[in-house]
Amino acid sequence: EASATEDYYLISAIKDEGHEVIEVDFPKQLDSVKPSHDFVFIRDPYISDQNGKAIILRAGEPRRRIENKIIITLLEQLYVKICEMPDKSGWRADGGEFFYCAKDKILFSGLQRNSLKGVEFVAGELDIDKVILLKGTGFHLDTFFTPILNKNGYIAALIICKKALEPTSEKVLYQFAEQYNVPLFNIPEKDALGTRKRIGKFAANALSLPGSVFRPDYFSNPIIDKKLNELGISVNITPTSQFQLSGGSVHCVTNEL
């Protein structure tokens, strides 16, 4: 019941910002599948070019690869063009490891559950101009990083938990922010996944759409949202407590088409 209520508020918030929402039913065939699966996190099985094409990924966790197969049938019903990543050893990619900024033609990618082969394949299919590799301690990039888009869809700011990012990647990200002249806001671990002693707020796990961002919680530093508002960004807070019990939040349970 709580999960259904949170679903309702998240969907309502996205619609209120002028976006269409397509709800996908949970595949009944997965109820009897073992080992376990995380299909509710619809982010991971594919990544879209946001122009009618979906790239079916090859999960970093082998037991989740059934989700990559099942999503094909659901996307075909929406008349989406399907492109599948080759089922080859060493080719791995999860949607939660990517942030595709279509207008800038930039792809941010984590390297925890993605392999370089997987990243190269996705970048090629999306016709990317620039790939930014960010390695950190989170199991997916979206646990400690999110780009913010202005109303025209271009990168307006970056949110990062520096403590979760390796020093080399931190340098790369700060150089990028300077080159593109966008602010970079650092958040503490408690705003991301948290620590071994205490779970975080998942506030970094956000859905960024042109001119708006959807998150489950507020940042510890209120100045960040004030700055985002000044950049013309609408900040929407929609709690996801039930999904966080399984290790995911707003970015995980949504996916662009």
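## The largest pocket

Let's start with the open space: the largest pocket in this predicted model has a volume of about 1200 Å³. Its lining is made up of 45 residues, and those closest to its centre are Ile 42, Val 253, Thr 254, Asn 255 and Glu 256. Sorted by class, the lining has 29 nonpolar residues, along with 10 polar and 6 charged ones.

Which helices and strands supply at least two residues each to the lining of the largest pocket? They are helix 1 (2–16), strand 1, helix 2, strand 4 (98–101), strand 7 and strand 10 (207–209). Several of these come up again below.

## Leu 10 in helix 1

Helix 1 is where you'll find Leu 10. With a relative accessible area of 5%, Leu 10 is buried, because the cut-off for that label is under 20%.

What does Leu 10 touch, leaving aside its neighbours within four places in sequence? Its contacts are Phe 214, Thr 238, Val 250, Val 253 and Thr 254. Val 253 and Thr 254 are also among the residues closest to the centre of the largest pocket. As for Phe 214, it is 204 residues away from Leu 10 in sequence, yet the C-alpha to C-alpha distance between them is 8.0 Å.

## A sheet of three strands

Next up is an open sheet built from 3 strands, in the order 1-2-3, with mixed pairing. Strand 1 (46–48) and strand 3 (81–84) are at the edges and have a single partner strand each, so one side of each is left without a neighbour in the sheet. Going from one strand to the next, the twist averages 25°.

Strand 2 (residues 53–56) pairs with strand 3 in the parallel sense, over 4 bridges. To pick out one partnership, Ile 56 has Glu 84 in strand 3 as its bridge partner.

## Two helices on the sheet

Helix 2 (residues 65–76) lies across strand 1, strand 2 and strand 3, and it runs at about 165° to strand 2. Helix 3 (residues 116–126) packs on the sheet too, touching strand 1, strand 2 and strand 3, and its direction makes about 170° with that of strand 2.

Which residues of helix 3 are buried? They are Gly 118, Val 119, Phe 121, Val 122, Ala 123 and Leu 126. The buried residues of helix 3 pack against strand 1, strand 2 and strand 3, and also against strand 4, strand 5 (106–110) and strand 6 (130–134).

## Two positive phi angles

Here's a backbone detail to look for. Most residues other than glycine have a negative phi. Asp 127 is not a glycine, but its phi is positive, at about 55°. You'll see Asp 127 just after helix 3, in the loop between helix 3 and strand 6.

Lys 105 also has a positive phi of about 55° without being a glycine. This residue sits in the loop between strand 4 and strand 5. Is Lys 105 buried or partly exposed? Its relative accessibility is 27%, so Lys 105 counts as partly exposed.

## Strand 7 and its hairpin

Strand 7 (residues 145–149) has 5 of its 5 residues buried, so it is largely enclosed by the rest of the structure. Both of its faces are covered: on one side the buried residues are Phe 145, Pro 147 and Leu 149, while on the other they are Thr 146 and Ile 148.

Strand 7 runs antiparallel to strand 8 (residues 155–160), and 5 bridges join the two. Thr 146 stands opposite Ile 159 of strand 8. Together, strand 7 and strand 8 make a hairpin with 5 residues between them, and Gly 153 in the turn has a positive phi of about 90°.

## Ala 204, a buried loop residue

Finally, take a look at Ala 204, in the loop between strand 9 (184–186) and strand 10. Its relative accessibility is 0%, so Ala 204 counts as buried.

What surrounds Ala 204 once neighbours within four places in sequence are left aside? Its contacts include Phe 145 and Thr 146, which both belong to strand 7. Ala 204 also touches Asp 142, Thr 143, Phe 144, Ile 187, Asp 191, Ala 192 and Phe 219. Back towards the pocket, Ile 42 is 162 residues from Ala 204 in sequence, and the two are 17 Å apart in space, C-alpha to C-alpha.

Technical notes: Residues are numbered from 1 along each chain as its sequence is written. This is a predicted model: local features need pLDDT of at least 70, side-chain atom pairs count only at pLDDT 80 or more; totals for chains, interfaces and linings use all residues. Side-chain values use heavy atoms; hydrogens and water are left out. Two strands pair if DSSP finds at least two bridges between them. Axes are lines fitted to C-alpha atoms, for helices over the stretch in contact, and angles run from 0 to 180 degrees between N-to-C directions. Contact means heavy atoms within 4.5 Å. Buried means under 20% relative accessible area, exposed over 50%, partly exposed in between (1.4 Å probe, protein chains only). On a 1 Å grid over the protein atoms alone, a cavity is a set of points where a 1.4 Å probe fits but cannot get out, and a pocket is an open set with protein on both sides within 12 Å along at least five of seven lines; lining residues have an atom within 4 Å of a point. Grid points are joined across faces, edges and corners, and a volume is the space filled by probe spheres set on the points. Ala, Val, Leu, Ile, Met, Phe, Trp, Tyr, Cys and Pro count as nonpolar, Asp, Glu, Lys and Arg as charged, and the others, Gly among them, as polar.
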